[in-house]
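User: I have a model open and want to go through it with you. Can we start with how the chains are arranged?

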Protein chains: 2
Amino acid sequence: MTMPVSTEMRDGLREHRRKLTRPRQAILDIIASAAHHLTPAEIHKLARKKYPHLGLVTVYRTLDLLTEFGYVQRVHFADGCHSYAASAQEHAHHLVCSSCGKAQAFADCDLEPLIASLQRKTGYEINLHVLELMGKCPDCSTRAVALGKNGKRK
Amino acid sequence: MTMPVSTEMRDGLREHRRKLTRPRQAILDIIASAAHHLTPAEIHKLARKKYPHLGLVTVYRTLDLLTEFGYVQRVHFADGCHSYAASAQEHAHHLVCSSCGKAQAFADCDLEPLIASLQRKTGYEINLHVLELMGKCPDCSTRAVALGKNGKRK
DNA sequence: ATGCTAATCGAAAATCTTTTTCAATTACAC
DNA sequence: GTGTAATTGAAAAAGATTTTCGATTAGCAT
């Protein structure tokens, strides 16, 4: 509950009989303490401050592992999906700022009625979903007003 | 309404003062008539049957264009997002089979209550969302039963 | 029809991102 | 401590996507 996310992940590794190595510790710390979603390359760069020898390959492998165990989730944007974030709950979604990229997680998605209805209509056994919301965060809204016109990314 | 999707896309290009070239026609035809989502590489391969000279670069460029105009949408999977599908409506979601990859679109997502609530709580101005459901389609469920144990991908 | 011009194209090269291979290292149970 | 399977990093391979650039072409205006 109030247990740090990184501790939870460490326990998870132990439960699955996986080793808690120094490279993994560095990666876990970064992901658990990150304010928002990060790409593998970003995680690599940050975790290297703690463990300079860390290879990018290990980041990918660790992300696969943590994703499989449910401690980390891929964050989906409208235009690409190269970021990951710790999933505080077993089930989490993200609200991503389209301007600064800051993300906020939320758990209550209440899709049951929709899922039930679709299962009935289509015969699919639905067992997973991706839901990501995008919009401008309060800070960026304020900044946009202060600066007048605001540009688009890309 | 009952107008073919490809015709709609063609009109869209004209409205935006873009040229309707032979390479684009080939790409539009493939996307519009596809039963499910396709990767750029798949679109390239298929469209080449109509226009053998077609380059993959043009597929990427055309997808960007059609996405910008809203005629095509990226389809989000749990593990990656490299596929595109025609968006029949301005707003569409997908139900993707986790086994064979077959997808089915649906429009009614009824997220308004959730969005309204989150806007109130967080102050974000939400203007876009990604929703994709995954599960086993009826065909694959049947096949799994027939064959006994079914393996996982990857 | 013909010409003009900006939009578009394909090929090649450059950039990323992600995966595979493999020999060396390391966590951890005994 | 010792043994062993899991894990690691480097290098290379594989894939996906973007950039560059000279050649081509659609569509409008003669």
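User: What RMSD and what turn lay chain B on chain A?
Analyst: In this predicted model, chain B goes onto chain A with an RMSD of 0.2 Å, by a turn of 180 degrees and a shift of 0.1 Å along the axis. The superposition is by least squares on the C-alpha atoms of residues with pLDDT of at least 70 in both copies. The two copies are therefore related as by a two-fold rotation axis.

User: Which residue of chain B comes closest to the rotation axis?
Analyst: Leu131(B), with its C-alpha at 2.2 Å.

User: Any ground rules on the numbers?
Analyst: Local features need pLDDT of at least 70 and side-chain atom pairs count only at pLDDT 80 or more, while totals for chains, interfaces and linings use all residues. Residues are numbered from 1 along each chain as its sequence is written, chains are lettered from A and ligands numbered from 1 in the order in which they are written, and side-chain values use heavy atoms, with hydrogens and water left out.

User: OK, the interface. How many residues does each chain put into the contact?
Analyst: Chain B gives 39 residues and chain A gives 39 residues, where contact means heavy atoms within 4.5 Å.

User: What area is buried between them?
Analyst: About 3,200 Å², of which carbon and sulfur atoms give 62%. That is the accessible area (1.4 Å probe) that the two parts lose on being put together, summed over both.

User: Which element of chain B gives the largest share of the side that touches chain A?
Analyst: β5(B), with 12 residues. Helices (H or I, at least four residues) and strands (E, at least two) are DSSP runs, numbered from the N terminus.

User: And how many salt bridges between chain B and chain A?
Analyst: Zero, counting a side-chain nitrogen of Lys or Arg within 4 Å of a carboxyl oxygen of Asp or Glu.

User: Switching to the DNA. Which residues are closest to strand D?
Analyst: Thr21(A), Arg24(A), Thr58(A), Arg61(A) and Tyr60(B), out of 21 residues that surround DNA strand D, each with a heavy atom within 4 Å of the strand. Sugar and phosphate make up 63% of the atoms of DNA strand D that come within 4 Å of the protein.

User: What does Arg61(A) reach with its side chain?
Analyst: A polar side-chain atom of Arg61(A) is 2.7 Å from a base nitrogen of DNA strand D.

User: And Tyr60(B), what is its side chain next to?
Analyst: An N or O atom in the side chain of Tyr60(B) is 2.4 Å from a phosphate oxygen of DNA strand D.

User: Which element gives the most to that surface?
Analyst: α4(B), with four residues.

Key. A polar contact is a pair of N or O atoms within 3.5 Å; within protein, one must be able to donate a hydrogen and the other to accept it, and residues adjacent in sequence count only if both atoms are side-chain atoms.
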